[in-house]
Amino acid sequence: MKLSQFKFKLPEELIALNPPYHRDECRLMVLHRKSQTIDMYKKDENGETLKDEEGNPVFMDFRNVLDYFDEGDTFVFNDTKVFPARLYGTKEKTDAKIEVFLLRELNEDMRLWDVLVEPARKIRIGNKLFFDDSGTMVAEVIDNTTSRGRTLRFLYDCPHDEFKRELYALGEAPLPHYIVDRRAATEEDLTDFQCIFAKNEGAVTAPASGLHFSREMLKRMEIKGIDFAYITLHCALGNFHDIEVEDLTKHKMDSEQMFVTKEACEIVNNAKRNGHHICAVGTSVVKATETAVGTDKLLKEYEGWTNKFIFPPYEFGVADTMIANFYHPLSTLLMETAAFGGYDLVMDAYDKAVKHGYHFGCYGDAMLILDD
């Protein structure tokens with residue numbers, strides 16, 4: 001397919017800058033893949049659309065997800081944990097303000113980190129950056145990796161745990177630029193931009209579809225007999241990069257580290273063998289499970305990296321249902337969603353979402369794609 005086929009007009013006011021008051025209160029749109037139908041409104045026990053006091057149809061919210069699953073169905077979550085990756089420092093001598101975005105730690109003993117810097121033109125090898133008023137957290141640029149990429153060595157002599165604690169205390173939630181260009185990150189974002197089941201640290205952006213799940217909703221799922229499986233894919237920034245080629249087969253994704261355990265495989269594969277639904281929560285879960293699927297369409301143990309780029313047409317092997325957010329135009333996340341739900345149906349859903357005021361982005365509304 002072509003890049004231009006994923007272009008649509010997204011009004012500025014539909015980009016969600018803040019999460020809903022409760023995690024599970026966002027709107028939900030349901031796509032039925034086989035019947036090619038779309039549901040947006042709540043229905044009564046007779047199948048009639050519910051109306052409010054003014055006679056307007058009532059939109060479904062995320063808690064209605066449970067209406068579509070039964071005992072034995074299995075949800076696959078990404079339990080990666082986001083760390084406060086965005087820091088602001090000053091350059092020595094000039095005091096120029098520099099944004100430093102931590103990507104990953106390269107060497108614990110030497111305090112080496114792979115980072116992005118902005119504005120990059122001001123940062124050269126040998127420069128020092130200061131991150132607090134006391135001057136105790138200092139980093140030296142020791143290498144250029146890409147146009148914006150640098151390797152920093154933090155000059156901080158203490159036990160590693162203490163260093164990480166002090167470093168993270170200076171950081172803020174790594175919200176995408178479509179949010180922080182419009183409002184500053186807050187202390188609340190450190191909680192809001194983290195899934196409640198997050199466990200394994202390493203992500204620099206949240207697996208957004210997992211943000212909708214509250215503790216109350218997980219408890220209701222557990223009571224209903226729905227099973228959970230957890231994989232880990234450390235979400236990186238590749239999904240936010242602009243695609244610079246019209247022919248999608250020529251686009252290369254950045255690699256992301258991922259882990260699929262024996263326990264996750266057993267839970268998912270047992271559910272599949274018994275004819276239950278497998279619901280992938282988010283594009284990162286779909287990417288991970290499709291990386292680790294075998295020719296028998298069962299999930300295999302995996303530890304390594306993936307740069308899988310999924311776009312239509314694509315035959316999926318593990319999940320038969322999927323939860324997604326509403327993503328930006330021309331994004332790889334939209335392309336993967338269209339591959340799962342079918343291009344025409346998903347783009348029709350996006351058209352309806354814009355017309356009916358659904359919210360887009362990591363703090364936005366949700367889509368459930370069913371295989372019926």
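**Entry 1: the cavity**

I began with enclosed space in this predicted model, and I found one cavity of 30 Å³ or more. I noted about 40 Å³ of space for the largest cavity. Which residues line the largest cavity? I wrote down Asn239, Met253, Lys287, Lys308, Phe309, Ile310, Thr332, Leu333 and Glu336. Sorting this lining by class, I got four nonpolar, two polar and three charged residues. I also looked up which element gives the most to the lining, and helix 7 came out, with three residues.

**Entry 2: helix 6 against helix 7**

Helix 7 turned up in the lining, so to speak my next stop was its packing. I reminded myself that two packed helices are described by the angle between their axes and the distance between the axes. I took helix 6 as residues 283–291 and helix 7 as residues 332–341. Their axes come within 10 Å and cross at roughly 65°. Because angles of 65 to 115 degrees count as roughly perpendicular, I put helix 6 and helix 7 down as roughly perpendicular to each other. Is the crossing of helix 6 and helix 7 left-handed or right-handed? I have it as left-handed.

For the contact itself, I listed Thr283, Val286 and Lys287 on the helix 6 side, and on the helix 7 side Leu333, Glu336 and Thr337. By class, I get two nonpolar, two polar and two charged residues here. Looking back at my cavity list, I see Lys287, Leu333 and Glu336 among the lining residues, and these names also stand in the contact of helix 6 with helix 7.

**Entry 3: helix 7 against helix 8**

I then followed the chain to helix 8, residues 343–355. How far apart are the axes of helix 7 and helix 8? I noted 6 Å, with a packing angle of about 125°. That value makes helix 7 oblique to helix 8.

From helix 7, I saw Leu334, Thr337, Ala338 and Gly341 in this contact. They meet Tyr343, Leu345, Val346, Met347 and Tyr350 of helix 8. My tally by class is seven nonpolar, two polar and no charged residues. Thr337 appears in this contact and also in the one with helix 6.

**Entry 4: backbone oddments**

I finished with the loops. Where is Pro119 placed? I found Pro119 in the loop between strand 7 (112–118) and strand 8 (128–130). The peptide bond leading from Glu118 to Pro119 is cis, with omega near 0°.

I logged another cis peptide bond between Pro312 and Pro313, where omega is about -10°. Pro313 lies in the loop between strand 15 (302–306) and strand 16 (321–325).

My last stop was Lys297, in the loop that runs between helix 6 and strand 15. I noted a phi near 65° for Lys297, a positive value in a residue other than glycine.

Definitions and conventions. Residues are numbered from 1 along each chain as its sequence is written. This is a predicted model: local features need pLDDT of at least 70, side-chain atom pairs count only at pLDDT 80 or more; totals for chains, interfaces and linings use all residues. Side-chain values use heavy atoms; hydrogens and water are left out. Axes are lines fitted to C-alpha atoms, for helices over the stretch in contact, and angles run from 0 to 180 degrees between N-to-C directions. Helices (H or I, at least four residues) and strands (E, at least two) are DSSP runs, numbered from the N terminus. Angles under 35 degrees count as roughly parallel, over 145 as roughly antiparallel, 65 to 115 as roughly perpendicular and the rest as oblique. A crossing is left-handed if the near helix is turned anticlockwise from the far one by less than a right angle, and right-handed if clockwise. Contact means heavy atoms within 4.5 Å. Ala, Val, Leu, Ile, Met, Phe, Trp, Tyr, Cys and Pro count as nonpolar, Asp, Glu, Lys and Arg as charged, and the others, Gly among them, as polar. On a 1 Å grid over the protein atoms alone, a cavity is a set of points where a 1.4 Å probe fits but cannot get out, and a pocket is an open set with protein on both sides within 12 Å along at least five of seven lines; lining residues have an atom within 4 Å of a point. Grid points are joined across faces, edges and corners, and a volume is the space filled by probe spheres set on the points.
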